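I pulled up a structure today and wanted a quick look around before going back to the bench. These are my notes.

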Amino acid sequence: KNDKPPLVPNKNDKPPLLVVLHGAGENTLPISNLASITGEHAGLPPSLIASARAPRELLDNFAVVAPYSAKKVSFYEDPRSRLLSFITYAQKELGTDPLNTFLLGFSDGATVALELATTKRFRAVVLCSSGFSGSLPQAALDLLQTTSFWVFHSADDVIFPPTSSDRLVQSLKSVGDPGRVKYTRFERDPEDLPARICCHS
């Protein structure tokens, strides 16, 4: 089965950009901790790349950036305009294709990623163990109806129940083409990497 990202064809040979938003934590360590496979945010693309565990599809095809919510619990405390400015800066500095910008958020980072997706600046969005438990207003759903999503959640998540992702996926599929929304729901957390909190990865 082909699960390659839905890239927009481009003739400029500019790479696509993957933006990674980590989850909540103490976030008092240097930003280099994002690249540690035993660090506070282990298992996200920066640590997988640094530890040579990232898939070739990511290494060969994407530029990857990961902002850090230093000395803050999570990106909840960051103005969304600041994150968007960072993404614009990364696109220019790395020379990436603005039509092929992807967003991956984990936990609290997934909830913020969902908010950022309403700006319509992202080709596709990956949400892992999202904590969003509310209902998306129709105005937000209308803005999201052309964005592709891949949602992941594990049934044994001890922090955010998978029912929140269940409802979110149902809402996203209620507008636009339902085929643009993919949902991978694990019965047990499959991650074999060090995790700070069991089953929330």
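The entries below go through the core, the aromatic rings, the empty spaces and a few loop residues of this predicted model.

**Core**

I started with the inside. I keep in mind that nonpolar side chains tend to be buried together in soluble globular proteins. The largest nonpolar core here has 31 residues, and Leu21, Leu127 and Phe149 touch the most other members. I then checked who feeds this core: S1, S2 (63-65), H3 (80-94), H4, S4 (124-128), H5 (138-144), S5 (148-154) and H6 (163-173) each supply at least two residues. H4 gives the largest share, 6 residues.

I also looked up a second core, separate from that one; it has 16 residues, including Leu44, Leu58, Leu104 and Cys128.

How many of the residues of H4 are buried? I get 9 of 10 for this helix, which spans 108-117. The buried ones are Asp108, Gly109, Ala110, Thr111, Val112, Ala113, Leu114, Leu116 and Ala117.

Next I listed what Phe149 is in contact with, leaving aside neighbours within four places in sequence. Leu114 and Ala117 are on the list, along with Val125, Leu127, Leu144, Leu172, Arg180, Val181 and Lys182.

**Aromatic rings**

I found 3 aromatic pairs in the structure. Trp150 and Phe152 are stacked, with 4.9 Å centre to centre and 25 degrees between the planes. Trp150 counts as partly exposed because its relative accessibility is 23%. Phe152 is at 21%, so it is partly exposed too.

Phe152 also stacks with Phe186, at 6.4 Å centre to centre and 20 degrees between the planes. This pair links distant parts of the chain: Phe152 sits in S5 and Phe186 in S6 (181-186), 34 residues apart. Phe186 has a relative accessible area of 29% and is therefore partly exposed. I noted Trp150, Phe152 and Phe186 down as one aromatic cluster.

**Empty space**

I went looking for cavities of 30 Å³ or more and got 1. The largest cavity holds about 30 Å³ of space. What lines the largest cavity? I wrote down Val20, His22, Leu34, His41, Leu44, Pro46, Ala66 and Pro67. By class that is 6 nonpolar, 2 polar and no charged residues.

I checked the second largest pocket as well, which has about 160 Å³ of space. Its lining is Pro67, Tyr68, Ser69, Ala70, Lys72, Phe75, Asp78, Arg82, Leu83 and Phe86. That lining divides into 6 nonpolar, 1 polar and 3 charged residues. Pro67 is listed for the largest cavity and again for this pocket.

**Loop residues**

Most residues other than glycine have a negative phi, so I looked for exceptions. Asn27 has a positive phi of about 55 degrees. Asn27 belongs to the loop between S1 (17-21) and H1 (45-50). Is Asn27 buried or exposed? It is buried, because its relative accessibility is 0%.

Ala52 has a positive phi too, about 60 degrees. I find Ala52 in the loop between H1 and H2 (56-61). At 69% relative accessibility, where over 50% is the cut-off, Ala52 counts as exposed.

Last entry: Gly25, in the loop between S1 and H1. Gly25 comes out at 16% relative accessibility, so it counts as buried; the cut-off is under 20%. Its C-alpha atom is 8.1 Å from that of His41, and the two residues are 16 apart along the chain.

How values were computed. Residues are numbered from 1 along each chain as its sequence is written. This is a predicted model: local features need pLDDT of at least 70, side-chain atom pairs count only at pLDDT 80 or more; totals for chains, interfaces and linings use all residues. Side-chain values use heavy atoms; hydrogens and water are left out. Helices (H or I, at least four residues) and strands (E, at least two) are DSSP runs, numbered from the N terminus. Buried means under 20% relative accessible area, exposed over 50%, partly exposed in between (1.4 Å probe, protein chains only). A nonpolar core is a set of buried Ala, Val, Leu, Ile, Met, Phe, Trp, Tyr and Cys residues joined through side-chain atoms within 4.5 Å. Contact means heavy atoms within 4.5 Å. On a 1 Å grid over the protein atoms alone, a cavity is a set of points where a 1.4 Å probe fits but cannot get out, and a pocket is an open set with protein on both sides within 12 Å along at least five of seven lines; lining residues have an atom within 4 Å of a point. Grid points are joined across faces, edges and corners, and a volume is the space filled by probe spheres set on the points. Ala, Val, Leu, Ile, Met, Phe, Trp, Tyr, Cys and Pro count as nonpolar, Asp, Glu, Lys and Arg as charged, and the others, Gly among them, as polar. Rings of Phe, Tyr and Trp (its six-membered ring) pair if their centres lie within 6.5 Å; planes under 30 degrees apart count as stacked, over 60 as edge-to-face and the rest as tilted.
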